[in-house]
Every structure is written in structure tokens, then in C-alpha cells.
Amino acid sequence: MKVVYSSRYTIDIGPHVFPTEKYHHVHERLQATSAPGFEGIVEPQMASWDQLALVHTDEYLEKVRTLSLSSEEIVELELPLNEPVVEGFRLMTGGTLTAARLARVDGLSAHIGGGFHHAFANHGEGFCLFNDVAVAIEVLRREGAVSRAAVVDLDVHHGNGTAMIYGRDPSVFTFSMHEQHNYPAFKPRGSLDIGLAAGTDDTTYLKKLEGALPQVVAHEPDLVVYLAGADPFAEDQLGNLMLTKDALRERDRLVVRTLRAVGCPIIIVPAGGYARQLTDTVDIHVATIEEALTALG
Ligand SMILES: [Zn+2]
């Protein structure tokens, strides 16, 4: 399995709950492992503005390109808007596309970056400037490499941007399992939404996931993007689920094995993770990649 990553992902966004340095730490930890099946790091290709325009409106992209989002829009985005931030997110969007191409060839790939599911066609929010997941799917669809896609979004926050983008497109199945009473307040309906109560434990979580995955399989996707958010973890600052690291590992195993059993290509992206201790977030993201490597063997 190849893994896409760039050292340019550690974007300076000032003091922030979103630790962009997590990507660097995950990469470092992965380099130190001698896990069989790991075939090395691939550098991402920058997403072009034309590729971004397959998902985003021209008006939004123009405002981003000229750094002229309104102050209200920047508040909603919850990121500083400057050239390094725009370029960093554009590169990470390209990274998800690069990884999606690898998944189509190798059956499985991972990206140490991306999963920006709160970006809508016409605006960004919640640390998400571009919807890398939708951009990757749309580029591959244009190229004829993918016709039916699915998104398995297990970040603790609902995948509102992705759900909205594909709200009227039955060829892309969007599954989100998240904490119901948490950000985002507006949760456009996806193909399958499971809203969990605060305090949900390992057993309940895994049971619901096991019950839901057959619906993803039934869609018969030729590409699945898996958002393996680290934020359902009990110690997360932006989530209130009570999952242990072991359960998150079990979650990853369940997703990867279920989809691989039916021969579906999978790309894994990290999405969110805001544990009080950065090392916990890094542990969870690394474990996701380890589980994917194990599934190969
Ligand atoms: Zn999240």
C-alpha cells in the first residue's frame, strides 16, 4: 500500500485546536514502522483550480483565490485566510486525488491529509476550505475511472458539506455516523445518517457500524472514501463519544475488511482529531494505517 503525504501539510494556522502538525507526526511514525505491505510515500500533486471547480462555485473559488472572503465567511471557515493556507489546502486536496488514483490501481491507499467534509460547493466552514473528497470523486468520474462512489464518514461530526454536494446525486452514496447534538447544527440529509447520543460507548458504536456497512456494499461502489476521524475518541475536545483506541482500531478493521471482501477500492483519509494530548490523535491515525496494512496481509 502506498501512502500519500507532503511535509507542506503542516500549515501555519496560528494557535488553533486543529493541530496541522499531526500529519508530520503520523508520517514520522509510519516511516519508523517496518510493517509489511507498506510500499512507501508518494508526493501529492497540487489540485488545479479547474479541478476544484468541478465541485466548488466559481464565485467561491474567486474569493478564495483573491483572499477576499468576507469577515463573516472567515469566521465560519475558522481558519486564517492567506496564500500559504490556500496553497496548503489545495495541495492536500490534490493529495486525496493522488491517493484515490492509487486506490483504483492498488485496491487500497491512504492519505496522511484530507477529509474536509465541512466544505460546501459555495462556502467553506469548520476548518475545511475545499471538499477534497468530492473533488477526488469528481475528477475520477470525469476521467471515467469511477462511476459509483461511496463515502464512509466516521468523523464525530456530520459530513454536512459532502451530504449537500451529493444530495441530488444517487450515484454517490454518503454515509455519516456522527454525534447528533454537535457541530454542525445544519445537517443536510445524506444517503445514510446515523446520529449518536453523547456518551455512546464502544459496543453500541461498533454494533451500529456493523449494521450500516451492508448498505454501503449494496450500493456497489467502485471507489469508497473512508474518513477515519480520530475525534470519536473519548478524550477528544470537540466530541463527546466515549470510544477507546481499541474500538477505533476495531472500527477501521471492520470498514476495511468489509469493503475489501467485496473487492471495493478504498482510500483512507484522516479527517478530524482533537484529543487533549496530540499523541493520542497521532496514535489513532497511525493505527488506522496499520489496520489497513494488516488487512493486506
Ligand atoms: Zn470532526
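# Close-up views of a predicted model

**View 1. The largest pocket encloses about 250 Å³ of space.** The model is predicted. Twenty residues, counted as 20 in the lining, surround this pocket, and those nearest its centre are His118, Gly126, Phe127, Leu238 and Tyr274. By class, the lining of the largest pocket consists of nine nonpolar, seven polar and four charged residues. One of the residues nearest the centre, Phe127, is taken up again in View 5.

**View 2. The zinc ion is held by Asp155, His157 and Asp231.** Asp155 appears twice among the donors, each time through OD, while His157 coordinates through ND1 and Asp231 through OD. The coordination distances run from 1.9 to 2.7 Å. Angles among the four donor atoms span 53 to 153 degrees, and the site is classed as irregular. A tetrahedral site would need all angles between 85 and 135 degrees, so the range of 53 to 153 degrees found for the zinc ion does not fit that class. Along the sequence, the donor residues follow the spacing D-x1-H-x73-D. His157 and Asp231 link distant parts of the chain, being 74 residues apart. His157 sits in the loop between strand 4 (149–153) and helix 7 (160–165), and Asp231 in the loop between strand 7 (223–227) and helix 9 (245–261). Both His157 and Asp231 are buried.

**View 3. The largest cavity holds about 90 Å³ of space.** The structure contains three cavities of 30 Å³ or more. The residues that line the largest cavity are Tyr23, Val26, Ala110, His111, Ile112, Ala228, Ile268, Val269, Pro270, His285, Thr288 and Ile289. Four elements each supply at least two residues of this lining: helix 1 (22–32), strand 3 (108–111), strand 8 (266–269) and helix 10 (278–296). Helix 10 gives the most, with three residues. Nine residues of the lining of the largest cavity are nonpolar and three are polar, with no charged residue.

**View 4. The second largest cavity holds about 60 Å³ of space.** Its lining is made up of Val151, Asp153, His158, Gly159, Thr162, Ala163, Thr174, Phe175, Ser176, Gly190, Leu192 and Asp193. Two or more of these residues come from each of strand 4, helix 7, strand 5 (172–179) and strand 6 (192–196). Strand 5 gives the most to this lining, with three residues. The lining of the second largest cavity has four nonpolar, six polar and two charged residues.

**View 5. Phe127 and Glu220 have positive phi values without being glycine.** For Phe127, phi is near 70 degrees. Phe127 is found in the loop between strand 3 and helix 6 (132–142). The relative accessible area of Phe127 is 7%, so this residue counts as buried. For Glu220, phi is about 55 degrees. Glu220 lies in the loop between helix 8 (202–218) and strand 7. The relative accessible area of Glu220 is 60%, so this residue counts as exposed.

**View 6. The peptide bond from Tyr183 to Pro184 is cis.** Omega for this bond is near -5 degrees. Pro184 is placed in the loop between strand 5 and strand 6.

**View 7. Val172 and Ala275 are two buried positions.** Val172 belongs to strand 5, and its relative accessibility of 1% is why it counts as buried. From Val172 to Ala134 the distance is 9.6 Å, C-alpha to C-alpha, with their positions 38 residues apart in sequence. Ala275 is located in the loop between strand 8 and helix 10. Ala275 counts as buried because its relative accessibility is 9%. Ala275 and Gly239 are 36 residues apart in sequence, and their C-alpha atoms are 9.1 Å apart in space.

**View 8. Cys128 and Cys264 are buried cysteines.** Relative accessibility is 3% for Cys128, so Cys128 is classed as buried. For Cys264 the value is 5%, so Cys264 is classed as buried too. A disulfide is a covalent bond between the sulfur atoms of two cysteines. A search of the whole structure finds zero disulfides.

Conventions. Residues numbered from 1 in each chain as written. Predicted model: local features only at pLDDT ≥ 70, side-chain atom pairs only at ≥ 80, totals over all residues. Heavy atoms only, no water. Donors = N, O, S within 2.8 Å, 3.2 Å for Na, K, Ca; no water. Tetrahedral: all angles 85-135°; square planar, octahedral: opposite > 155°, others 65-115°. Buried < 20%, exposed > 50% of the residue type's maximum accessible area, 1.4 Å probe, protein only. Disulfide = S-S within 2.5 Å. 1 Å grid on protein atoms, 1.4 Å probe; cavity = no way out; pocket = protein on both sides within 12 Å on 5 of 7 lines; lining within 4 Å. Points joined across faces, edges and corners; volume = space filled by probe spheres on them. Nonpolar A, V, L, I, M, F, W, Y, C, P; charged D, E, K, R; others polar.
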